[in-house]
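Visitor: I am new to this one, and I would like to know what lies behind the terms people use for it. Could you take me through them?

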Amino acid sequence: MIPYLARLLDITMNNGTLSGDWQRATVIPIHKGGDRSLVTNYRPVSLTSVVCKQVERVIATYLRQVWDKNDWLYEGQHGFRPGYSCESQVITVCQDILDSLDNGDRIDAIIVDFSKAFDLVPHGRLLMKIANSAVDSRVVVWIREFLLGSTQRVRVGGQLSEKVRITSGVPQGSVIGPLLFLAYVNDIWRNIESTIRLFADDCVIYRKMINNEDMEELQKDLNRLGEWAVENAMKINPSKSKAVRFTRARVKDPLSYSLMDALIPEARSCKYLGIILRSDLSWADQVNYTVKKAWKTLHFTMRILKKGNSNTKILAYMSFVRPILEYGAACWDPYRERQISALDRVQRKAAKFAHHTSILCVLDRASS
């Protein structure tokens with residue numbers, strides 16, 4: 001297949017045209033949580049041509065090579081990049097906060113919520129940003145044809161909607177889509193003096209508070225972020241954003257930061273990339289949340305595989321329960337005996353459920 005795929009890539013790259021089959025997508029709504037009757041609680045994932053995906057991989061590899069060579073991508077962006085992950089992002093943010101807390105300082109942080117960010121990307125502005133990133137002009141033309149000529153229809157059950165042309169956004173479910181989104185938000189940090197870090201569209205902006213001037217500077221940066229969002233047709237939801245003051249001192253003054261002329265709700269803790277960050281950076285809430293979620297998944301697994309063999313039970317535990325216990329553990333790994341015991345009880349119950357001592361060896365190897 002490789003010679004044929006290479007030939008197809010050569011034709012599409014030099015002619016600047018794509019096959020119609022490559023530009024048609026079937027959208028499958030994936031439930032994210034909440035009321036299933038609300039369309040906003042579903043994530044649209046596009047099923048596209050498998051052959052086109054292989055060509056997309058070639059384009060994506062080229063883009064990464066050019067951007068890495070030019071050091072073009074913002075270093076605070078950890079999403080969809082080799083060597084970066086959710087865990088690396090959370091560790092970096094928490095390390096900045098811990099350094100300030102250890103010095104007796106405090107940090108004010110804003111968790112910014114972007115609404116439908118992947119679906120709102122204007123194609124014209126995106127292409128302009130990619131063209132200014134030193135990539136080959138033929139690649140820009142290929143991406144233009146990939147985006148502007150695309151159509152989609154939604155599948156629910158066995159029913160298909162009418163086909164419509166895509167006028168904005170990058171397709172979720174494609175290979176190149178996430179990389180195109182990184183290119184679009186790559187200039188979000190410009191003119192902002194506070195620290196801003198991203199994982200795709202998950203954004204946090206924070207600043208060490210020494211005096212009242214730092215609070216004013218953080219508000220100015222939030223205003224600049226709002227201006228960037230308007231200029232780039234991104235929608236920020238202030239009501240779902242959170243303002244958190246990280247400190248070990250007792251501070252009674254409420255936070256009064258605003259975004260898009262709306263007050264940001266203050267919270268003593270927030271969930272960032274699946275990790276609960278408390279204002280004193282204690283991990284008690286995160287451990288309790290993890291244990292509760294792991295027990296729920298383990299009990300479900302025990303009901304489903306009640307008559308399964310030991311190997312199947314071990315595989316189910318390692319696939320569904322163990323990842324819950326391990327996610328982000330490099331950051332929040334507990335040191336208090338009570339918290340460690342709560343996590344260990346889940347593993348001991350899993351070992352008893354499997355009725356086989358081999359799971360203990362597996363758990364020991366995974367822990368080491």
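What follows is a short conversation about the empty spaces inside the model and about the chain around them.

Guide: Gladly. Please keep in mind that this is a predicted model.

Visitor: What makes a space in here a cavity?

Guide: A cavity is a set of points where a 1.4 Å probe fits but cannot get out. By this rule, three cavities of 30 Å³ or more are counted. The largest cavity holds about 90 Å³ of space, and the second largest has a volume of about 50 Å³.

Visitor: How do you know that Trp22 lines the largest cavity?

Guide: Lining residues have an atom within 4 Å of a point of the cavity. Trp22 is on the list for the largest cavity, which also includes His123, Phe146 and Pro171.

Visitor: Why is Gly169, in the lining of the largest cavity, called polar?

Guide: Gly counts among the polar residues in this scheme, so Gly169 is placed there. The lining of the largest cavity has six nonpolar, six polar and no charged residues.

Visitor: And what lines the second largest cavity?

Guide: Leu73, Tyr74, Gln77, Leu182, Val185, Asn186, Ile188 and Leu198 do. Tyr counts as nonpolar, so Tyr74 belongs with the six nonpolar residues there. The others are two polar residues, with no charged ones.

Visitor: What makes a residue of the chain buried?

Guide: Its relative accessible area must be under 20%. Of the 368 residues in the chain, 45% are buried.

Key: Residues numbered from 1 in each chain as written. Predicted model: local features only at pLDDT ≥ 70, side-chain atom pairs only at ≥ 80, totals over all residues. Heavy atoms only, no water. 1 Å grid on protein atoms, 1.4 Å probe; cavity = no way out; pocket = protein on both sides within 12 Å on 5 of 7 lines; lining within 4 Å. Points joined across faces, edges and corners; volume = space filled by probe spheres on them. Buried < 20%, exposed > 50% of the residue type's maximum accessible area, 1.4 Å probe, protein only.
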